[in-house]
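Open the model in your viewer and set it to cartoon view. This tour tells you what to select next and what is there.

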Amino acid sequence: MMKDSGALDGIKVLDFSLAMSGPFAAQKLGDMGAEVIKIEPTGDGEWHRTRPAANAWVNKLNSSFISFNRNKRSLSINLKTEESKEIMKRLIKKADVIIHNFRPGVAERLNIDYKSVSEINEQIVYCSISGYGETGPYAKRPGQDLILQGYSGAMWNTGTKNDPPLPLGMYVSDATAAHIAFEGILAALFYRERKGKGQKVEVNMLNAVMDLQVQELSVYLTGDVKPERTNEPLANIFLTAPYGVYKTKDSYMTLAIGPIDVLGEALDNDRLRSFTEWNDGMIHRDEIYRIVSDILPQKTTKEWIDILDQYNFWAGPVYDYNDLIKDPQVKHNEMIVEMDHPTEGKLKLLGIPYKFSESPGTFRYYPPLIGEQTDEILYEAGFSQEQVSELKKNNVVFNETDPVEERS
């Protein structure tokens with residue numbers, strides 16, 4: 001039986017966003033079959049095209065842009081021109097979803113705020129992503145990932161009492177906001193399917209990174225338990241020992257929570273065998289960590305995992321990226337895939353995390369060049385070849401794949 005092309009096949013998305021949170025959310029919609037048009041400025045295009053993490057480039061494209069922009073077509077347009085208003089009006093009329101992560105006020109200046117858009121298409125699902133919210137005392141503050149991590153309280157939840165605040169080694173605020181935006185858009189589309197009404201979905205990074213800590217904040221709010229770091233580097237302020245990372249003979253490994261006396265059997269240590277109450281793991285956290293830290297360097301990570309598996313005590317290796325991409329489960333899950341690109345060659349990309357039996361996600365479009373699909377998008381909107389040529393001549397729209405003489 002032939003499977004559908006994607007769960008969101010037929011949904012049209014206009015992606016005005018830049019950097020990570022918005023583009024990542026839009027990419028997820030594209031992976032699920034939605035038609036995503038990436039609307040980016042003329043000239044250098046979207047912000048991430050020129051500002052990659054670690055200055056990592058493949059050829060014309062960099063790794064950051066590649067990360068968040070597959071399954072999209074690019075329309076390069078100057079939204080500050082009078083001619084762009086008619087183009088946007090036509091595209092908005094046919095769109096189902098709009099995403100942007102401009103600072104408050106920018107969408108209004110570009111005439112793509114919710115009020116303006118909903119007057120053109122009242123069934124639109126309009127998602128705005130901001131740092132702190134569109135209103136309130138911080139509305140106009142810059143909402144960058146590290147700054148939001150600082151606000152979140154989470155930096156004080158890792159490390160020892162003597163450590164400074166420790167940020168996570170990933171853009172967790174951006175990524176979480178992207179996931180929440182994706183979820184919110186799906187819910188709004190489902191509501192529209194049932195009620196026939198579009199709506200605005202507001203997402204902000206501060207709320208997102210708080211939501212990510214729902215358990216930790218609830219322990220503080222409802223249990224009145226204040227996070228307190230320990231002397232030893234256990235991995236969670238609220239969990240019992242031996243929860244943490246430990247050095248072994250050849251690398252590092254993780255140990256999760258479990259009965260300490262069982263761990264004592266596995267490690268053949270009488271002091272650990274004596275801890276038979278659940279709360280012993282909290283009362284004696286630092287002592288347990290030191291005992292385990294002294295024992296584990298005697299064997300390799302694999303040797304310890306084989307032993308601990310026999311006792312059903314949860315443990316695992318600490319991978320670097322090279323280890324991760326070689327892992328048999330990662331390969332089985334098809335989370336590393338290859339895609340051909342006309343200028344970048346064969347790209348290795350992260351796979352689609354969702355699995356659907358009837359409408360699986362697909363890789364239809366590689367990350368586009370600036371305005372690569374400008375012509376076809378405008379033709380679909382009803383503009384003639386002569387009109388498109390005139391728009392290019394007036395520097396309203398741009399297509400990087402045009403011959404140089406046509407772009408000059």
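Select Ile 185. This is a predicted model, and in it Ile 185 is buried, with a relative accessible area of 0%. The cut-off for buried is under 20%, so Ile 185 qualifies. The residue belongs to helix H7, residues 172-195. Now add Gln 199 to the selection. Gln 199 is 14 residues from Ile 185 in sequence, and their C-alpha atoms are 9.6 Å apart in space.

**Zoom out: the whole chain**

Show the full cartoon. How many helices and strands does the protein chain have? There are 19 helices and twelve strands. The C-alpha trace spans about 85 × 45 × 45 Å along its principal axes. Of the 408 residues in the protein chain, 46% are buried.

**The seven-stranded sheet**

Colour the strands of the open sheet one by one. Its order is S6-S5-S4-S1-S2-S3-S12. The pairing in this sheet is mixed. Which strands stand at the edges? Select residues 199-204 for S6 and 397-398 for S12. Each of these two has a single partner strand, so one side of each is left without a neighbour in the sheet.

Move on to S1, residues 12-15, and S4, residues 97-100. Parallel or antiparallel? S1 and S4 pair in the parallel sense, over three bridges. Show Val 13 and look across to S4: Val 97 stands opposite.

**A tyrosine cluster**

Select Tyr 132, Tyr 138 and Tyr 151 as sticks. Together they form one aromatic cluster. The structure holds seven aromatic pairs. In one of them, Tyr 132 and Tyr 151 have ring centres 5.5 Å apart and planes at 80 degrees, so this pair is edge-to-face. The two residues are 19 apart in sequence, and the pair links distant parts of the chain. Tyr 132 sits in the loop between strand S5 (125-130) and helix H6 (145-152), while Tyr 151 is in helix H6 itself.

Stay on Tyr 151 and turn to Tyr 138. This aromatic pair is tilted, with 5.4 Å centre to centre and 40 degrees between the planes. Tyr 138 also lies in the loop between S5 and H6, so its pair with Tyr 151 ties together parts that are 13 residues apart in sequence.

Now switch on the surface. Are these residues buried or partly exposed?

- Tyr 132 counts as buried, at 9% relative accessibility.
- Tyr 151 is partly exposed, with a relative accessible area of 32%.
- Tyr 138 is partly exposed, with a relative accessible area of 36%.

**Charges over rings**

Select Arg 90 and Phe 383. The charged end of Arg 90 sits over the Phe 383 ring, 3.9 Å from its centre. Next, select Lys 247 and Tyr 252. Lys 247 lies over the face of Tyr 252, at 5.2 Å from the ring centre.

**Hairpin S7-S8**

Keep Lys 247 in view and show strand S7, residues 244-247. Which residues are on the covered face? They are Gly 244 and Tyr 246. Val 245 and Lys 247 make up the uncovered face. Add strand S8, residues 252-255. S7 and S8 run antiparallel and are joined by four bridges. The hairpin between them passes through four residues. Val 245 has Thr 254 as its bridge partner in S8.

**Hairpin S10-S11**

Jump to strand S10, residues 336-341, and show its side chains, which alternate along the strand. Val 337, Met 339 and His 341 point to one face and are buried. Ile 336, Glu 338 and Asp 340 point to the other face and are not buried. Then select strand S11, residues 345-350. S10 and S11 pair in the antiparallel sense over six bridges. A hairpin of three residues joins these strands. At His 341, the bridge partner in S11 is Gly 345.

**Last stop: a pocket**

Turn the surface back on and find the second largest pocket. Its space is about 340 Å³. The lining has 16 residues, and those closest to the pocket centre are Glu 40, Pro 41, Leu 79, Phe 102 and Leu 110. Colour the lining by class: ten residues are nonpolar, three polar and three charged.

How values were computed: Residues numbered from 1 in each chain as written. Predicted model: local features only at pLDDT ≥ 70, side-chain atom pairs only at ≥ 80, totals over all residues. Heavy atoms only, no water. 1 Å grid on protein atoms, 1.4 Å probe; cavity = no way out; pocket = protein on both sides within 12 Å on 5 of 7 lines; lining within 4 Å. Points joined across faces, edges and corners; volume = space filled by probe spheres on them. Nonpolar A, V, L, I, M, F, W, Y, C, P; charged D, E, K, R; others polar. Phe/Tyr/Trp six-rings, centres within 6.5 Å; stacked < 30°, edge-to-face > 60°. Buried < 20%, exposed > 50% of the residue type's maximum accessible area, 1.4 Å probe, protein only. Lys NZ or Arg CZ within 6 Å of the ring centre and 35° of its normal. Pairing = 2+ DSSP bridges.
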